[in-house]
Amino acid sequence: MPDANFDSSRSVPTPQAVPLAAYAHDRLRAEATEILAATGLVTRESVTLALPKPSIPADLAFPVFAAAKAAGQNPGDFSQRLADAAVVPEGMLIGAVTAQGGFVNFAVHPAAFAAAVIEEVEAGGAAYGNDKIVGAGQKTVVEFSSPNIARKMHVGHLRSTVIGHSLVKILAALGYDVISDNHLGDWGTQFGTLLAAIDNDHLTPWDDPDPVQSLVEVYARFNSAAKDDPTLMDSARAWFKRLEDGDPWARQTWQRLIDLTLVEFDKTYRRLGVAFDTTHGESYFEPMLAPVVQEALDKKVAHIEPGGAVVVEFGEESRLPSCLLRKTDGATLYQTRDAATCLYRWREYAPVRNIYVVGAEQKLHFQQVFEIVRRMGYKEIADRSIHIAFGAIVDAGGQRFSMRKGTAIFLEEVLDEAVTRARALMQASMAEGRTEITPEEVDSVSEMLGIGAVIYADLYQGPERGIKFDWDKILANEGNTGAYLQYTHARCRSILRKALPAPGAETLLLVSPEEQAVLKQLSRLPHAIREAGANFAPSTVADWTYNLAKAFNDFYHSCPVLKAETSGLREARLALVAAVAQGLKNGLGLLGIGAPERM
RNA sequence: GCACCCGUAGCUCAGUGGAUAGAGCGUCUGCCUCCGGAGCAGAAGGCCACUGGUUCGAGUCCAGUCGGGUGCACCA
């Protein structure tokens with residue numbers, strides 16, 4: 001079943017036991033396993049550890065149910081026997097072992113843990129949380145954003161762009177050699193439409209003040225006219241065929257459309273901090289299309305129908321509807337181009353993962369493409385190809401935004417509005433003297449905040465659900481929002497401007513519940529990044545970052561830093577603040593969001 | 001009709017077989033003589049759509065039902 005293959009490829013094997021980049025979090029797990037195994041009551045292999053819920057006063061837990069059953073004892077007794085038999089040697093990060101119900105609970109040694117976590121955040125710096133062992137330099141392709149030439153990016157492109165961008169960063173943090181590719185929609189019948197309109201009406205959109213806007217309007221006009229006059233679509237198809245056949249005017253005009261659109265896209269990408277390693281639009285694969293169709297025919301994956309169309313039938317058992325690789329008029333389709341793209345990447349990179357960040361409405365399309373590639377004999381790349389499908393952005397009434405109907409909200413509009421709101425808020429803070437922001441910074445910081453709000457509003461939740469577009473929600477600045485995280489970072493930096501932590505602080509003094517809560521959250525960044533990479537889920541990192549900010553703000557309100565009770569504690573807390581600032585910056589960075597010094 | 005996604009607090013969402021299901025928004029109550037109030041603390045709010053099954057244990061896995069969405073060859 002293609003579905004089974006598709007889904008199984010979604011989880012990347014995670015490294016066994018403790019990777020070489022062993023963080024305090026990893027050492028805790030290793031220690032717990034050793035302590036349990038040393039009792040002689042359970043084997044190392046039978047130990048699986050879980051993170052207890054926050055309400056449980058423990059840092060790591062071993063649910064004994066399965067082991068107790070194997071030993072023929074009831075879980076409560078067995079966990080007690082394990083806890084009684086457990087010996088915690090000196091110098092461990094684990095401080096105590098207790099039994100509670102069917103669980104053996106491990107608590108950290110607060111002082112040792114504090115010193116270890118602060119030390120590794122300081123040592124890691126911007127790379128804290130990374131684990132290059134996981135990816136070990138293996139190639140991974142991430143295709144994302146992929147807007148269409150002669151269109152404006154709208155809110156739909158936002159999702160692909162920010163999810164893809166974050167995935168690239170997360171996978172790179174895990175040591176993968178990532179190739180980010182912008183698969184531009186620069187080919188297809190839509191260009192026939194534009195060429196037909198430009199030719200018919202002798203248009204010169206490149207001379208207009210907003211050329212892309214003109215093209216969008218031309219396209220919309222043509223489509224509505226085509227409803228009354230079906231011959232218009234025929235002329236569009238004919239023009240696309242001419243483009244494919246290399247007609248000089250068609251080619252030249254097409255290239256102009258690409259160039260003037262890319263100027264606009266680049267502005268948006270710069271604002272979002274997004275860059276690509278390759279921008280292989282669909283046209284790039286054009287020379288590979290005929291050979292792919294031929295290969296599919298040779299391998300009996302596809303056949304020619306009487307009219308001349310090339311068809312792939314998947315058969316009853318696969319339950320996939322059949323699709324075309326070549327139209328009756330000889331032109332190719334989306335499936336043809338994506339099959340060629342997939343094979344190109346296999347030959348060029350042989351990646352361990354070939355990831356497509358594309359809307360959920362194209363799920364069937366990718367299943368078909370991957371299955372075609374598999375049947376052509378390229379099982380490896382088919383198995384390694386993954387469609388990260390995200391839900392559509394819809395309006396308040398649940399309707400999808402449509403370029404053709406003119407209801408689309410353009411991405412630039414959203415970013416501008418977000419930046420405007422951020423600036424207004426900051427100016428209010430300035431008027432009330434609640435910020436240390438300087439007038440010179442207002443522009444750059446309001447840009448960082450506005451863009452951050454938009455990115456975070458998308459990434460804080462998983463991709464599968466759709467998003468109801470709501471200005472107030474996307475641009476919110478209280479609670480679980482980008483602004484909250486950025487504010488917390490600015491707050492840390494504000495303290496650090498007043499006093500820098502001296503080296504050699506006695507970080508083992510950080511044993512209060514609030515301090516320990518911050519340290520525990522800090523220690524879990526490596527875990528969060530690995531999980532995000534294994535599940536292709538930036539929201540895991542977003543969630544970690546939010547919880548770090550929350551833990552820090554709680555600490556901030558309970559524990560004075562600059563006016564701590566003793567100078568030793570003051571130094572230790574300064575070190576903690578510096579570590580939190582680093583952690584927030586790293587987490588935000590993985591999401592593609594900037595961390596401001598002041599706001 | 002077939003396939004896929006979603007269904008958890010009034011709303012928006014976390015929760016990858018483990019303990020008393022968690023956040024944010026909104027509502028109500030407190031906290032600026034103190035490192036930035038875009039903050040903190042507290043309260044109220046749940047038949048995790050429904051019915052069965054697997055399991056020591058199910059919001060989580062399986063089957064079915066009901067709701068919402070998406071897709072199903074000459075667009076992309």
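Student: With which residues is Thr481 in contact, leaving aside its neighbours within four places in sequence?

Tutor: Contact is judged by the distance between heavy atoms, with a cut-off of 4.5 Å. In this predicted model, Thr481 touches Tyr456 and Ala476 once the neighbours within four places in sequence are set aside.

Student: Where is Thr481 placed, and is Thr481 buried or exposed?

Tutor: Thr481 belongs to the loop between helix H18 (471–474) and H19. Its relative accessibility is 7%, so Thr481 counts as buried, the limit for that word being under 20%.

Student: What is the phi of His202, and what is that of Phe536?

Tutor: The sign of phi is the point to read here. For His202, phi is near 50 degrees, a positive value in a residue other than glycine. Phe536 likewise is not a glycine, and its phi is positive at about 55 degrees.

Student: Where do these two residues lie, and is each of them buried or exposed?

Tutor: His202 is in the loop between helix H8 (189–201) and helix H9 (211–228). With a relative accessibility of 68%, His202 counts as exposed, because exposed requires a value over 50%. Phe536 is in the loop between H21 and helix H22 (538–558). The relative accessible area of Phe536 is 2%, and therefore Phe536 is buried.

Student: Which side chain forms a polar contact with that of Arg530?

Tutor: The side chains of Arg530 and Asp131 are joined by a polar contact of 2.9 Å. Arg530 itself is part of helix H21 (residues 525–535). Its relative accessible area is 12%, so this arginine is buried.

Student: How should the packing of two helices be read, and at what angle do H2 and H5 pack?

Tutor: One reads the separation of the axes and the angle between them, and then the residues that meet. H2 and H5 have axes 10 Å apart and pack at an angle of about 140 degrees. H2 is therefore oblique to H5; an angle has to be over 145 degrees to count as roughly antiparallel. From H2, the residues Ala24, Arg27 and Leu28 meet Phe113, Ala116, Val117 and Glu120 of H5. This contact of H2 with H5 comprises 5 nonpolar and 2 charged residues, with no polar ones.

Student: Why do residues three or four places apart in an α-helix point the same way?

Tutor: The reason is that an α-helix has 3.6 residues a turn.

Student: How do the axes of H9 and helix H11 (residues 248–272) cross?

Tutor: Their axes come within 9 Å and cross at roughly 120 degrees. H9 is therefore oblique to H11. Pro211, Val212 and Leu215 of H9 meet Leu257, Leu260, Thr261 and Glu264 of H11. The contact of H9 with H11 divides into 5 nonpolar residues, 1 polar and 1 charged.

Student: Which residues of helix H20 are buried, and what covers them?

Tutor: Buried residues are read together with the elements that cover them. In H20 (residues 513–523), the buried residues are Glu515, Gln516, Val518, Leu519, Gln521, Leu522 and Ser523. Their cover includes helix H2 (24–38), S3, helix H5 (110–124), H21, H22 and helix H23 (567–591).

Student: How many residues are around RNA strand B, and which come nearest?

Tutor: There are 70 residues around RNA strand B, and Lys69, Phe103, Arg434, Arg491 and Asn535 come nearest. Of the atoms of the RNA strand that come within 4 Å of the protein, 60% belong to sugar and phosphate. By class, the surface near RNA strand B has 29 nonpolar, 18 polar and 23 charged residues. H19 gives the most to this surface, with 8 residues. Among the other elements that each supply at least two residues are strand S1 (60–63), helix H3 (65–71) and helix H13 (334–349).

Student: Which atoms of RNA strand B lie 3.0 Å from Lys53, 2.8 Å from Ser494 and 2.7 Å from His557?

Tutor: For Lys53, a polar side-chain atom is 3.0 Å from a phosphate oxygen of RNA strand B. For Ser494, a polar side-chain atom is 2.8 Å from a phosphate oxygen of the strand. For His557, an N or O atom in the side chain is 2.7 Å from a sugar or linking oxygen of RNA strand B.

Student: How many helices and strands are there in chain A, and what share of its residues count as buried?

Tutor: Chain A contains 23 helices and 12 strands. Of its 599 residues, 54% count as buried. Among contacts in chain A with a separation of 6 or more, 75% involve residues 24 or more positions apart. The C-alpha atoms fill a box of roughly 80 × 65 × 40 Å along the principal axes.

Note on methods
Residues are numbered from 1 along each chain as its sequence is written. Chains are lettered from A and ligands numbered from 1 in the order in which they are written. Side-chain values use heavy atoms; hydrogens and water are left out. Helices (H or I, at least four residues) and strands (E, at least two) are DSSP runs, numbered from the N terminus. Buried means under 20% relative accessible area, exposed over 50%, partly exposed in between (1.4 Å probe, protein chains only). A polar contact is a pair of N or O atoms within 3.5 Å; within protein, one must be able to donate a hydrogen and the other to accept it, and residues adjacent in sequence count only if both atoms are side-chain atoms. Axes are lines fitted to C-alpha atoms, for helices over the stretch in contact, and angles run from 0 to 180 degrees between N-to-C directions. Angles under 35 degrees count as roughly parallel, over 145 as roughly antiparallel, 65 to 115 as roughly perpendicular and the rest as oblique. Ala, Val, Leu, Ile, Met, Phe, Trp, Tyr, Cys and Pro count as nonpolar, Asp, Glu, Lys and Arg as charged, and the others, Gly among them, as polar. A residue is near a molecule or strand if one of its heavy atoms lies within 4 Å of it.
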